[in-house]
Amino acid sequence: MEAIMRPIGAIRLEGQRAYVDVLPQYLPALRELEEYSHLHLLWWFDGCDTPDSRATLQVNTPHPGSPENLGVFATRTPHRPNPIALDTAAILWVDHRRGRICISRTDARDGTPVMDIKPYARGADCIPEAVGPPWSMQ
């Protein structure tokens, strides 16, 4: 089984601002995005897309009080079988003509490929009873 993914745009960092520049063929997909206050941004850890990084299944953790090694699926490390990252950010504005979304923040570098954008939906994305281990800095 193989999956094919293609970037829909790229992260642009200009000074203190972060933007998502969407490729022209995806401009219609931005319709009504500005009705949401936040979005989920899925991007590719392109700086970690190496055979060694993709083969990493456990990592040493930086969290005090945590187990010394954790499986990558219990962490947010970029070293994983598929180097997909997830940010949640506020939408500051959307320029439909230009295909640019100004967002409040991202951990991505300038030029990072964006794989998808999803609106943050309070009914589906907010889980008040969610828990994790005490060392996970919730």
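**Whole chain.** Start with the protein chain in cartoon view: it holds 2 helices and 8 strands. This is a predicted model. From the N terminus, trace the order β-β-β-α-β-β-β-β-β-α. Turn the C-alpha trace along its principal axes, and the spans come to about 50 × 35 × 35 Å. The chain has 138 residues, and 33% of them count as buried. Show contacts with a separation of 6 or more: residues 24 or more positions apart account for 68% of them.

**Surface.** Switch on the accessible surface. The total is about 9,300 Å², with 54% belonging to carbon and sulfur atoms. Now colour by charge. There are 14 positive and 17 negative side chains. The centres of these two sets lie 4 Å apart.

**Strands 1 and 2.** Select residues 9-14, which form strand 1. Add strand 2, residues 17-22. The two run antiparallel and are joined by 6 bridges. For one facing pair, pick Leu 13 in the viewer and look across to Ala 18 in strand 2. Then go to the hairpin itself, where 2 residues sit between the strands. Gly 15 takes a positive phi there, near 65°.

**Strand 2 to strand 7.** Keep strand 2 and add strand 7, residues 100-103. This pair is also antiparallel, with 4 bridges. Select Val 20 and find Ile 101 of strand 7 opposite.

**The core.** Both of those residues lead inward. Val 20 and Ile 101 belong to the largest nonpolar core, which has 21 residues. They are among the members that touch the most others, along with Leu 33, Leu 39, Leu 41, Ile 103 and Ile 117. Which elements give two or more residues to this core? Select strand 2, strand 3 (38-44), strand 6 (84-95), strand 7 and strand 8 (113-119). Strand 6 supplies the largest share, 4 residues.

**Ile 117.** Centre on Ile 117 and show its contacts, leaving out residues up to four places away in sequence. What does Ile 117 touch? The partners are Ile 8, Val 20, Val 22, Leu 33, Leu 39, His 40, Leu 41 and Ile 101.

**Glu 129.** Finish past helix 2 (122-125), in the segment that follows it, and select Glu 129. Is Glu 129 buried or exposed? Its relative accessibility is 61%, so Glu 129 counts as exposed, because the cut-off for exposed is over 50%. Now draw a C-alpha to C-alpha distance from Glu 129 to Arg 80: they are 27 Å apart in space and 49 residues apart in sequence.

Technical notes: Residues are numbered from 1 along each chain as its sequence is written. This is a predicted model: local features need pLDDT of at least 70, side-chain atom pairs count only at pLDDT 80 or more; totals for chains, interfaces and linings use all residues. Side-chain values use heavy atoms; hydrogens and water are left out. A nonpolar core is a set of buried Ala, Val, Leu, Ile, Met, Phe, Trp, Tyr and Cys residues joined through side-chain atoms within 4.5 Å. Buried means under 20% relative accessible area, exposed over 50%, partly exposed in between (1.4 Å probe, protein chains only). Contact means heavy atoms within 4.5 Å. Two strands pair if DSSP finds at least two bridges between them. Accessible areas come from the Shrake-Rupley method with a 1.4 Å probe; for residues, only the protein chains shown count as cover. Lys and Arg count as positive and Asp and Glu as negative; His and the chain ends are not counted. The place of a charge is taken as NZ of Lys, CZ of Arg, CG of Asp or CD of Glu.
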